[in-house]
Amino acid sequence: MASRVSVGDRVRIKKGSLVYEGVVLPKSEFSSDKILVIKLDNGYNIGVDVSDAEVEVLSEGVVRFHESELSSSIVKGNGNLKLTFLSTGGTIVSRVDYETGAVRPAITATELLEAVPEFIDYASELAVVEYSRLFSEDLTPAYWAELSSEVGKLIKSGADGVLVAHGTDTMTYTASALAFALRNLPGPVVLVGSQRSSDRPSSDSALNMKASLAIFKEAPFGEVVVCMHGTISDNYVLAHRGVKVRKMHSSRRDAFQSINDAPLARIDFPEMKFRLLNQRFIARSKREDFSVLSRFSDKVALLKFYPGMDCGIIDFFVDRRYGAIVIEGTGLGHVRNACVDSIARATEEGVITVITTQTIFGRVNMSVYSTGRKLLKAGAIPGHDILSEVAYVKLSWILGNYPGLDRKEYVELFHENLAYEYNPVHKDSLFPVWSHEH
Amino acid sequence: MSIIQCIKTHYSRCGLMSIDYSSVGLRVGIEIHQQLATREKLFCSCPTELASDEIPRREVRRFLRVTKSEVGEVDPAAQYEVMKGRSIIYEVPEDHVCLVELDEEPPHELNREAVLITLAIAKALNSTPVDEIEVMRKIVVDGSNTTGFQRTAIVAVGGYLTDEDGLIRIQTVCLEEDAARKVDEGRGYVKYNLDRLGIPLIEIATGPDIKSPEQAMRVAFKIGLLLRLSGKVKRGIGTIRQDLNISIEGGTRTEVKGVGKLELIPKVIEYEVSRQLKLLEIRDELIKRGVRDDDLPYLIIDVTNVFLNSKSKLISSSLSKGLKIYATPLKGFSGLLKKELMPGRRFGTELSDYAKAWGGVGGIIHSDELPSYGISEEEKNAIFSSLSLDKERDAYVLVISDAESAERALKAVVDRARHSLIGIPKETRAANPDGTTKYMRPQPGAMRMYPETDIRPIPITQELLREAERLKPPTPEELLTKLVREHKLTKTLAEQLIRDPLIHTYLNLVEELGDKIQPHIIATTLMIHLKSLKSEGLDVSVVDDQVLKTILSKVGENVLSKDAIPEILREYSIRRGETSLEELIKKYTGIGIKELEELINEVIANLKETLLIKKEKAFNIVMSEIMKKVRGKVDGKIVAETVKNKLKEVLGIQVS
């Protein structure tokens, strides 16, 4: 019975005294095998168990389900910026197909302009490129390499601004990868995501994308930034330095916040007013000084220390010929004393071990306690106030682009403040204060 | 309500409305939305109680976004608001709202308790549960849902309800989330409180099988009672809302939203039928006058010049604010704009509703109502001539506003006027508290619904169905048996009660007063005392549930005699609450048996001679004297008993 029914067919299901008519939809991963999900004429979907029902196909293929190819298009605008919107995938470009109910992580220029018509006012030319349709958890260092050389090409060919739409979960990693790969940027590269998908009337994506226009036009910096809501209201969007931003909540639209650093800028709505919040920024470079170093190594590991951790995990990566390991330690940068020997062995084998902190806020200081001092002696490299994720990406980038460095040069390069991934001054105001009134 | 009462109190043309509903082909369907009394909200663990005003609250400001491809046929006025950048402010009361209502966290799993209650009620309606519930998103962009959509799911389909005038089919039983509560609205913003958002609602939709206003009320009552008997629904103002789909032969199906009170249903239907009949009359008249579509162009003319020296305060104050006056001619419409469709609502009011909804203007002024608003006959005529209209045959509409709003408002007026040549537009209308309705928005076409991808489909298992069976509300027959057997009501009284909306009050009072008072006293109070006061023509509207509860609990505590109930109710109604209930209770507070005996002794002593002469009438004489003093304060039976005893004791008179 159900075998000759296909998704998209219009069917009549007779079950007992009841008769249902509707279009067969693809069902969720969770639906049982016997269930046929149909869209009724009143718009509702229901699941009908057809094991004891009579199913009649009224007409075949009323609705078509097909995968479209990656698309790209160029539209002319009334502004003076040459802009590229590059979509990697993720919630920001995800839309539900109203007819089929399928989620489609694809976007066209028409859809983008419907969401943010202001593009036309800012851009002289807007290229909308669907680069990939990937969820951000599926991205790898190899992907960062491809993406950064693609963005590099766009900038070299004269783009005034590149807006990268990206899933939010690993946005810090990709932003950092771009920040290290794209040297001497002539203008900002903006990563934008959304915490509520674009097909929702309440989506945060339009405002986040709109903010990027103000950044392309007005920002004095040539950095990779992440543009996301500053609060849960639609009041303002923050431009965070890509190497200093972290997703701090699993779902809130203000999940992205700068850590150990102030956001670079704030764009207020509805006026769309640009305001610089951080005077410490890397200014726009001349386009001829721009260069791309887009290799990334996949031989770097990121570990989180926990009480009772088996130190053999460190040995495992050393044995697998990894080049570097980031260990997110406790407090000021500690792992259990029992692991000191494994770290010393790593050092001997030429593996770089960087210690960062799980507290996220604050910096590592391994001179305060004896454990820290022992770790330093064993060759562990303090990560100062770098985010663990950023340390991981930076090591991957160093290993990828500078394969022949000796240990000293390696450590020096890691500690060099290439993209302001370190902030030497932590003002009291950089730590968020929770409310304790209720 | 009866036509006679209608004529008396409301509507001058009720006589015309003694309509034979079967001959006009009335068909009504009801949608009932009822909040469920679950412990938690539908998609999160927040409580389902509304926040009091004292609860501290924060505010969140949002914009909703809507694109054409997403919402083809949504409320264009709301869409306009969205495009205009109207901001939406949400009040977030502490402890009543979490990130889910704020649209800052995906919905949790569908509340199982709500599913069970819905299944139980569906069973009582003879509906068939679906095999798997698929939660949908229904686009709503007025801001009442933070997400921009309402989550809703069909739980059961089909079924029926028995009614004296035939079977009423049930179409669907849905489970959905309630919307946020609108608390304020102004230029450029609308404000909602989020406490109500997410409270589970059951939506029961009947087929268009109802054929009279009275039947509609009865069906709504029956469904309401069934919901009530489940013991799992919220009570009180705003917890149940009724929508009506009303159509007549040759008319149009109109949706009326938000009929809060059961008693309003027949009135809403009567008025809507009247409106449709009148609109058809207007159509026929326009055809007779030979008015055609091209007589009604989108012509918007600035007539501010006519009013430069106007004595009208409305006009001069508007002009000083920089607003202008725009006019649109309506050729052939003379006299029709003042035609009353419903009490207090003329055809001109219909046009005005459109202007308000689409143009955001305060309203319109039309030639049929001039001179008024301080606008003179000369000014009225000056506009007729400046528009080159024939004042005997034509009409016009004015708005006072800025140019942009005027254009949208008057265009909507012309569209509506053009439609009157064809018939009745498909509208969603909102119910006013008096039973009249006003234009809200055009009816959505095929509803824009898409799946809620954040929530897994919920299979309806045998286990769920078994659990639901236990929650199934009793049938009216089962309730009747309970009233007779457990509450010890007479069968007649019980039968009356289950057919009367006061059954809710009765059940509430029985539940709240528990063992304190016998249920038959409550039933008698409602069905006999209260009704007889009503039939005397007294307005008993001040007697609310709280008043009844106070009086009855005093009776239960033996502070008041049950005979005092009708007396207190009467006085309280007559004084319309001016004398406080406490004072009345004090007045009727029973006197002790000792005091009663003393009173009787006194009367007997005073009338001793008479009584001894008229021995056989002695009892009646003393009784009537005593009752004058203690009526309502002591149970009559006790008085009689005491008088008997005293007559025997003091005078040796034996009363049979």
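In chain A of this predicted model, strand 15 (residues 236-241) and strand 18 (residues 265-268) run antiparallel and are joined by four bridges. Within this pair, V237(A) has I267(A) of strand 18 of chain A as its bridge partner. Strands (E, at least two residues) and helices (H or I, at least four residues) are DSSP runs numbered from the N terminus, and two strands pair if DSSP finds at least two bridges between them.

Residues are numbered from 1 along each chain as its sequence is written, and chains are lettered from A and ligands numbered from 1 in the order in which they are written. Because the model is predicted, local features need pLDDT of at least 70 and side-chain atom pairs count only at pLDDT 80 or more, while totals for chains, interfaces and linings use all residues.

**Sheets and strand pairs**

Strands 15 and 18 of chain A belong to an open sheet of nine strands with mixed pairing, in the order 6-10-7-11-13-14-15-18-19. Its edge strands, strand 6 (72-76) and strand 19 (273-276) of chain A, each pair on one side only. From one strand to the next, the twist averages 20°.

In chain B, an open sheet of four strands with antiparallel pairing has the order 15-16-20-19. Strand 15 (301-302) and strand 19 (365-366) of chain B each have a single partner strand, so one side of each lacks a neighbour in the sheet. A further antiparallel pair of chain B is formed by strands 21 and 22; in their hairpin, with five residues between the strands, G435(B) takes a positive phi near 95°.

The table lists the bridges of the two antiparallel pairs of chain B.

| Strand pair | Bridges | Opposite residues |
|---|---|---|
| Strand 15 and strand 16 (residues 324-330) of chain B | Two bridges | D302(B) and Y326(B) |
| Strand 21 (residues 427-431) and strand 22 (residues 437-442) of chain B | Five bridges | R429(B) and Y439(B) |

**Domains of chain A**

The domain assignment, which is automatic or taken from a database, divides chain A into domain 1 (2-59), domain 2 (72-292) and domain 3 (300-415). Taken over C-alpha atoms, the centres of domain 2 and domain 3 of chain A are separated by 31 Å. Their contact involves 11 residues from domain 2 and 10 residues from domain 3 of chain A, where residues in contact have C-beta atoms, placed from the backbone, within 7 Å. On the domain 2 side, helix 4 (residues 171-181) of chain A supplies the largest share, six residues. That side divides into seven nonpolar, three polar and one charged residue. Here Ala, Val, Leu, Ile, Met, Phe, Trp, Tyr, Cys and Pro count as nonpolar, Asp, Glu, Lys and Arg as charged, and the others, Gly among them, as polar.

Helix 4 of chain A also lies across strand 13 (189-192) and strand 14 (224-229) of chain A, at about 150° to strand 14. Angles run from 0 to 180 degrees between N-to-C directions, with axes fitted to C-alpha atoms, for helices over the stretch in contact.

N42(A) is located in the loop between strand 3 (35-40) and strand 4 (45-49) of chain A. This residue counts as partly exposed because it has 13 C-beta neighbours inside 10 Å; 20 or more would make a residue buried, and 12 or fewer exposed, with C-beta atoms placed from the backbone.

**A helix pair of chain B**

Helix 16 (residues 564-574) and helix 17 (residues 581-588) of chain B pack at an angle of about 145°, with axes 10 Å apart. Their contact comprises seven nonpolar, no polar and two charged residues.

Conventions:
Two residues are in contact if their C-beta atoms, placed from the backbone, lie within 7 Å.
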